[in-house]
Amino acid sequence: AHWFSPIVSDGALIAAENDQNYPTRRARIDNAPGARAIVAHALADGAPLWRFEPVLKQDVSRDPQGNPQRAALLPLIAAEGMVFLHTSSYQCRQPGAFIAAIDLQKGKQLWRFDLPEGDKIQGAESMWSSTDSASRLICRDGTLYYLGGHSRGGVAGFDARTGRITQ
C-alpha cells in the first residue's frame, strides 16, 4: 500500500491508504485521488487500532487518456478527538467532494457533508468550491471552518461534533 497524509494525535498514527493501482502523481503531497481507507495505528507498538473505508466513491468518469477522474482526498487534520476528511478536485469540479468527521478513538464516521458542485446553487451565489487549490479546513474551539475559494468563495462554520452548519 502507498500511504498519504500521516498525522499523529492522541497516541495514534493516522494515515490514508492509497490504492496501488492509482498512485499519487507527480509526487504530490496535497491530494490523493486513490485514497481507499483511513487507518490508525498505536504509536507505542504499531498495533492496528481501526480502519475506515471506503473513503472515495468508485471512478465516476474518465479523461481522454482513460484515467479515472474523481475527487481526491486532501491532507488529514485531527482536532478535538476527531479526524476530518476533505475531498475535492484539482482545478476542475468533479463529483463526490465532501467534508466528514471520524471519531479518533473508534474510527467511525460521525457525520458527512456533501459539497455542492459549482459556484451557484439554486441561482444564489455560493461559498462552496470543490477545487482543492482554493479550499481548506481549520478546526478551532469546537467549530470546523471550511474556507472556500475560487469565484466568490467564503467561509462556513460547522459544529465539529455534529456537522451542523453554524455560520
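Modeller: A salt bridge is a side-chain nitrogen of Lys or Arg within 4 Å of a carboxyl oxygen of Asp or Glu. The structure discussed here is a predicted model.

Biologist: Which residue does the side chain of Arg51 meet in a salt bridge at 2.8 Å, other than Glu17?
Modeller: The cut-off for such a pair is 4 Å between nitrogen and oxygen. From N to O, the distance of this pair is 2.8 Å, and the partner of Arg51 is Glu53.

Biologist: How many residues apart are Arg51 and Glu17?
Modeller: The side chains of Arg51 and Glu17 meet in a salt bridge with 2.8 Å from N to O. Arg51 lies in strand β4 (residues 48–52) and Glu17 in strand β2 (residues 12–18), so that distant parts of the chain are linked. The separation of the two is 34 residues.

Biologist: Is Glu17 buried or exposed?
Modeller: Its partner Arg51 is partly exposed, at a relative accessible area of 41%. Glu53 is partly exposed as well, at 46%. For Glu17 the relative accessible area is 7%. Buried means under 20%, so Glu17 is buried.

Biologist: Which residues are linked with Glu17 in a network of salt bridges?
Modeller: Side chains of opposite charge can pair when their charged atoms come close. Arg51 meets Glu17 in one salt bridge and Glu53 in another. The network that holds Glu17 also contains Arg36, Arg51 and Glu53.

Biologist: Which residue forms a salt bridge with Arg140?
Modeller: Arg140 is exposed, with a relative accessible area of 58%. The closest N and O atoms of the pair are 3.4 Å apart, and the cut-off is 4 Å. The partner has a relative accessible area of 67%, so this residue too is exposed. That partner of Arg140 is Asp141.

Biologist: How many salt bridges does the structure hold?
Modeller: Among them are the pair of Arg51 and Glu53 and the pair of Arg140 and Asp141. The structure holds a total of five.

Biologist: Which residue follows Glu53 across a cis peptide bond?
Modeller: The bond that starts at Glu53 has omega near -5 degrees, and it is cis. The residue at its other end is placed in the loop between β4 and β5 (61–62). That residue is Pro54.

Biologist: The side chain of Ser5 reaches the backbone nitrogen of which residue?
Modeller: Ser5 is part of strand β1, which spans residues 2–9. Leaving aside its neighbours within four places in sequence, Ser5 is in contact with residues including Ile14, Ala15 and Pro75. At 2.6 Å, its side chain reaches the backbone nitrogen of Leu76.

Biologist: Is Ser5 buried or exposed?
Modeller: Its relative accessible area is 12%. The limit for a buried residue is under 20%, so Ser5 is buried.

Biologist: What is phi of Glu80 near?
Modeller: Glu80 sits in the loop between β8 (77–79) and β9 (82–88). With a relative accessibility of 38%, Glu80 counts as partly exposed. Ser5 has a positive phi near 55 degrees, in a residue other than glycine. Glu80 is also a residue other than glycine, and its positive phi is near 55 degrees.

Biologist: What is the accessible area of the nonpolar patch of Val8, Leu13 and Leu43 together?
Modeller: Val8 has its place in strand β1. At 55% relative accessibility, Val8 counts as exposed. With Leu13 and Leu43, Val8 forms a nonpolar patch on the surface, whose accessible area is about 260 Å².

Biologist: How many residues apart in sequence are the parts that Trp111 and Phe158 tie together?
Modeller: By the rule for ring pairs there are two aromatic pairs. Trp111 and Phe158 make a stacked one, with 5.8 Å centre to centre and 15 degrees between the planes. Trp111 lies in strand β11 (residues 109–114) and Phe158 in strand β16 (residues 154–159), so the pair ties together parts whose separation in residues is 47.

Biologist: What arrangement does the aromatic pair of Phe113 and Phe158 have?
Modeller: Phe158 counts as buried at 0% relative accessibility. Its ring centre is 5.1 Å from that of Phe113, with 65 degrees between the planes. Planes over 60 degrees apart count as edge-to-face, so the pair is edge-to-face.

Biologist: Which residues do ring pairs link into a cluster?
Modeller: Phe158 pairs with Trp111 and with Phe113. The cluster linked by ring pairs is Trp111, Phe113 and Phe158.

Technical notes. Residues are numbered from 1 along each chain as its sequence is written. This is a predicted model: local features need pLDDT of at least 70, side-chain atom pairs count only at pLDDT 80 or more; totals for chains, interfaces and linings use all residues. Side-chain values use heavy atoms; hydrogens and water are left out. Helices (H or I, at least four residues) and strands (E, at least two) are DSSP runs, numbered from the N terminus. Buried means under 20% relative accessible area, exposed over 50%, partly exposed in between (1.4 Å probe, protein chains only). A polar contact is a pair of N or O atoms within 3.5 Å; within protein, one must be able to donate a hydrogen and the other to accept it, and residues adjacent in sequence count only if both atoms are side-chain atoms. Contact means heavy atoms within 4.5 Å. Patches are made of residues with over 30% relative accessible area and no salt bridge: like charges are joined within 9 Å, nonpolar side chains (Val, Leu, Ile, Met, Phe, Trp, Tyr) within 5 Å. Accessible areas come from the Shrake-Rupley method with a 1.4 Å probe; for residues, only the protein chains shown count as cover. Rings of Phe, Tyr and Trp (its six-membered ring) pair if their centres lie within 6.5 Å; planes under 30 degrees apart count as stacked, over 60 as edge-to-face and the rest as tilted.
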